[in-house]
Amino acid sequence: MRFQTPTAADIYCAVFYQRADSQRQLRHGGLETPTSTKFEIGELVYLAGSGYQTGQLYSVVRQIRDVNEYEIYPGQRKILRAAGQPYGEIGRVRVVDTRSHSAIAQVEF
């Protein structure tokens, strides 16, 4: 008998809520940006901003919208709105080099 094991996408399929006033917005892109918007494992991407550390692993997240309007209990949507903006993890990158106001990272997932 063969069991299906979870993939990296199954394990790291994270969603979290964060208040808009505490978010840090960063930009990223690749060598072919803006014509290329999806990146493969091993490709290099360029991260805008400072404070990155060489060798450190970072999650790439995106704002998402919950399309499920169904409430499991009364007031659930109000509580979620108060929690903040939902974000979903869409990838991970490891920084290979840093500059004064940017970093170069390699896509790991």
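In this predicted model, strands β5 and β6 run antiparallel and are paired over five bridges. The link between β5 and β6 is a hairpin through three residues. Within this pairing, V93 sits across from V107 in β6.

Strand β5, residues 85-98, also pairs with β1, again in the antiparallel sense, with four bridges joining them. There, V15 faces G88 in β5. On top of that, β5 has an antiparallel pairing with β4, this time over seven bridges, and V61 is the residue opposite E89 in β5. As for β6, residues 102-107, its antiparallel pairing with β3 takes five bridges, with L47 set opposite A103 in β6.

Here are the pairings side by side:

| Strands | Sense | Bridges | Residues opposite each other |
|---|---|---|---|
| β5 and β6 | antiparallel | five | V93 and V107 |
| β1 and β5 | antiparallel | four | V15 and G88 |
| β4 and β5 | antiparallel | seven | V61 and E89 |
| β3 and β6 | antiparallel | five | L47 and A103 |

Stepping back to the whole chain, the protein has two helices and six strands, and from the N terminus the order reads α-β-β-β-β-α-β-β. Of the contacts with a separation of 6 or more, 66% are between residues 24 or more positions apart. Of the 109 residues, 18% count as buried. The accessible surface is about 8700 Å², and carbon and sulfur atoms own 53% of that.

Now for a look along β3. In a regular strand, side chains alternate between the two faces of the sheet. Strand β3, residues 44-48, does just that: V45 and L47 point to one face and are buried, while L44, Y46 and A48 point to the other face and are not buried. L47, then, is a buried residue that also stands opposite A103 in β6.

Over in β1, residues 15-18, we find Q18. Is Q18 buried or partly exposed? Its relative accessibility is 24%, so Q18 falls in the partly exposed class, since buried would need a value under 20%. Q18 and G84 make a nice long-range pair: 66 residues separate them in sequence, yet their C-alpha atoms are 4.9 Å apart in space.

Next, the aromatics. There is one aromatic pair in the structure. The partners are Y52 and Y58, arranged edge-to-face with 5.2 Å from centre to centre and 85° between the planes. The two rings' residues fall into separate accessibility classes: Y52 is buried at 13% relative accessibility, whereas Y58 is partly exposed at 23%.

That leaves helix α2, residues 76-83, and R77, which lies in it. An arginine might catch your eye here because R77 is buried, its relative accessible area being 18% and the cut-off being under 20%. Which residues does R77 touch, leaving aside neighbours within four places in sequence? The contacts are D66, N68, E69 and E71.

Finally, the surface has a nonpolar patch of about 500 Å², made by Y70, I72, Y73 and I79. One of these, Y73, sits in the loop between β4 (57-63) and α2. At 41% relative accessibility, Y73 is partly exposed, because exposed would take over 50%.

How values were computed: Residues numbered from 1 in each chain as written. Predicted model: local features only at pLDDT ≥ 70, side-chain atom pairs only at ≥ 80, totals over all residues. Heavy atoms only, no water. Buried < 20%, exposed > 50% of the residue type's maximum accessible area, 1.4 Å probe, protein only. Contact = heavy atoms within 4.5 Å. Phe/Tyr/Trp six-rings, centres within 6.5 Å; stacked < 30°, edge-to-face > 60°. Pairing = 2+ DSSP bridges. Patch = residues over 30% accessible without salt bridge, like charges linked within 9 Å, V, L, I, M, F, W, Y side chains within 5 Å. Areas by Shrake-Rupley, 256 points an atom, 1.4 Å probe, with all protein chains shown as cover. Salt bridge = Lys/Arg side-chain N within 4 Å of Asp/Glu carboxyl O.
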